[in-house]
Amino acid sequence: MNDFGQYGIWVPGRFWPDDANVVAAAAHELEELGYGSVWIGGSPPDDLSLPEAILAATSTLVVGTSIVDIWHSDGDELAASHFRLSSLFPGRFYLGVGSGHAPTAASVGEAYVKPLTRLKSFLTDKLERVPHEERLIAALGPKTLEAARDLTAGALPYLMPPAHAAEARAILGPDRLLIPEQKVFVGTDPAQARAVARRVLKPYLTLPNYTNQWRRFGLTDDDLAHDGSDALVDLTVTWGGPDAIRTGIRTHFDAGADHVAIQALSADASPHLPRDEWRRIAEILF
């Protein structure tokens with residue numbers, strides 16, 4: 001089922017520049033480094049032009065959206081774009097979708113009511129022409145994981161610990177893809193690593209979809225206050241030297257993951273492709 005190796009890279013869509021040559025060079029380097037996939041976060045536009053540019057610049061790299069937010073997609077253009085990419089690059093593109101959060105719904109004047117029902121309708125109506133084996137859901141809770149099992153090729157959990165992968169595998173069964181995202185910072189200075197992690201985690205501390213899940217894995221309201229506790233950082237971000245990085249990622253596989261989408265964190269807070277970090281992580285994993 002999984003023919004693109006163990007390790008992929010997760011990158012926010014806004015980190016990719018408009019310069020087509022830079023996109024092509026970065027994508028080609030990821031393939032040369034040995035990564036099997038690229039996952040584009042931040043709900044890329046329905047035209048899927050960025051995934052297409054990455055696919056066109058490479059020969060084996062699998063590309064996926066992680067995710068297209070249903071509140072920001074009209075569905076019809078997205079389905080047409082999927083058809084274009086799947087025709088041009090057969091077997092190399094996954095369309096990951098998700099129900100987003102209350103703020104994303106509010107940004108388009110919608111109420112965040114029954115998001116799972118909305119997501120299922122989006123899949124069965126708007127994306128009816130997209131084969132089940134070419135679409136995925138950003139699933140966290142049990143009901144959404146069941147939807148991923150029943151309606152798609154599998155799940156793309158985000159910001160979850162390895163213990164979540166074990167629960168997800170039990171719900172998905174053995175024949176669905178499980179591709180968790182894992183944030184990674186290469187560095188052994190605890191103060192620096194946790195400062196970088198807190199900067200990245202801060203926007204998620206007000207989103208119940210994540211905070212409710214984290215409480216299930218032992219965190220308390222105190223852990224989620226202010227900029228988050230060390231326990232929150234250590235639950236959601238793998239950091240340290242090579243052994244710690246390898247162990248942190250391997251635990252997802254031990255829990256049932258098929259593939260891990262690594263989000264490489266950089267000490268540089270500006271939006272950019274963290275190519276130096278991709279290289280360091282590749283040296284550790286390959």
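**Exercise 1. Ala102**

Find the element that holds Ala102, then decide whether Ala102 is buried, partly exposed or exposed in this predicted model.

*Solution.* Start with the place: Ala102 belongs to helix 4, residues 102-106. Next, take its relative accessible area, which is 38%. Buried means under 20% and exposed means over 50%. Ala102 therefore counts as partly exposed. Last, look for Trp71, 31 residues away from Ala102 in sequence. From C-alpha to C-alpha, the two are 9.8 Å apart in space.

**Exercise 2. Leu48 and His226**

Compare the backbone and the surroundings of Leu48 and His226.

*Solution.* Begin with the general rule: most residues other than glycine have a negative phi. Now check Leu48, where phi is positive, at about 55°. His226 is not a glycine either, and its phi is near 55°.

Then place them. Leu48 sits in the loop from strand 2 (37-41) to helix 2 (49-56). His226 sits in the loop between helix 10 (221-224) and helix 11 (230-236).

Now turn to accessibility. Leu48 has 0% relative accessibility, so it is buried. His226 has 78%, so it is exposed.

Finish with the contacts of Leu48. Beyond four places in sequence, Leu48 touches Thr65, Leu78, Ser81, His82, Arg84, Leu85 and Phe93. Thr65 is 17 residues from Leu48 along the chain, and their C-alpha atoms are 8.8 Å apart.

**Exercise 3. An unusual peptide bond**

Which two residues does a cis peptide bond join, and what is omega there?

*Solution.* Recall that most peptide bonds are trans. The bond between Ser66 and Ile67 is cis, with omega about 20°. Ile67 lies in the loop between strand 3 (62-65) and strand 4 (68-69).

**Exercise 4. The buried face of helix 2**

List the buried residues of helix 2 and say how they are arranged around its axis.

*Solution.* First the list: Leu50, Pro51, Ile54 and Leu55. Viewed around the axis, they span an arc of only 135°, so they sit on the same side of helix 2. Now find their partners. These buried residues pack against helix 1, strand 2, strand 3, helix 3 (76-88) and strand 5 (93-98).

**Exercise 5. The buried face of helix 6**

Do the same for helix 6, residues 142-151.

*Solution.* The buried residues here are Thr144, Leu145, Ala147, Ala148 and Leu151. They fall within an arc of 155° about the axis of helix 6, so they line one face. Their packing partners are helix 5 (115-126), strand 6 (135-137), strand 7 (154-155) and helix 7 (162-172).

**Exercise 6. Helix 1 against helix 13**

Describe how helix 1 and helix 13 lie relative to each other, and name the residues that make the contact.

*Solution.* Two packed helices are described by the angle and the distance between their axes. For helix 1 (residues 20-33) and helix 13, the axes come within 10 Å and cross at roughly 10°. Angles under 35 degrees count as roughly parallel. Helix 1 and helix 13 are therefore roughly parallel.

Now the residues. Helix 1 supplies Val22, Ala25, Ala26, Glu29, Leu30 and Leu33. Helix 13 supplies Arg275, Trp278, Arg279 and Ala282. Sort them by type: 7 are nonpolar, none is polar and 3 are charged.

Take Glu29, which is part of helix 1. Its relative accessible area is 15%, so Glu29 is buried. Leaving out residues up to four places away, Glu29 touches Arg275 and Arg279.

**Exercise 7. The nonpolar cores**

How many residues form the largest nonpolar core, and which have the most contacts inside it?

*Solution.* The largest core has 61 residues. Those with the most contacts inside it are Trp16, Ile54, Val97, Leu127, Ile249, Ile262 and Trp278. Helix 13 (residues 275-285) contributes the most, with 5 residues. A separate core has 34 residues, including Leu136, Ile179, Leu201 and Leu235.

Now follow Leu127. Outside its neighbours within four places in sequence, Leu127 contacts Gly75, Leu78, Ala79, Leu95, Val97, Phe122 and Arg135.

How values were computed. Residues are numbered from 1 along each chain as its sequence is written. This is a predicted model: local features need pLDDT of at least 70, side-chain atom pairs count only at pLDDT 80 or more; totals for chains, interfaces and linings use all residues. Side-chain values use heavy atoms; hydrogens and water are left out. A nonpolar core is a set of buried Ala, Val, Leu, Ile, Met, Phe, Trp, Tyr and Cys residues joined through side-chain atoms within 4.5 Å. Buried means under 20% relative accessible area, exposed over 50%, partly exposed in between (1.4 Å probe, protein chains only). Helices (H or I, at least four residues) and strands (E, at least two) are DSSP runs, numbered from the N terminus. Contact means heavy atoms within 4.5 Å. The arc is that of the directions from the helix axis to the C-beta atoms. Axes are lines fitted to C-alpha atoms, for helices over the stretch in contact, and angles run from 0 to 180 degrees between N-to-C directions. Angles under 35 degrees count as roughly parallel, over 145 as roughly antiparallel, 65 to 115 as roughly perpendicular and the rest as oblique. Ala, Val, Leu, Ile, Met, Phe, Trp, Tyr, Cys and Pro count as nonpolar, Asp, Glu, Lys and Arg as charged, and the others, Gly among them, as polar.
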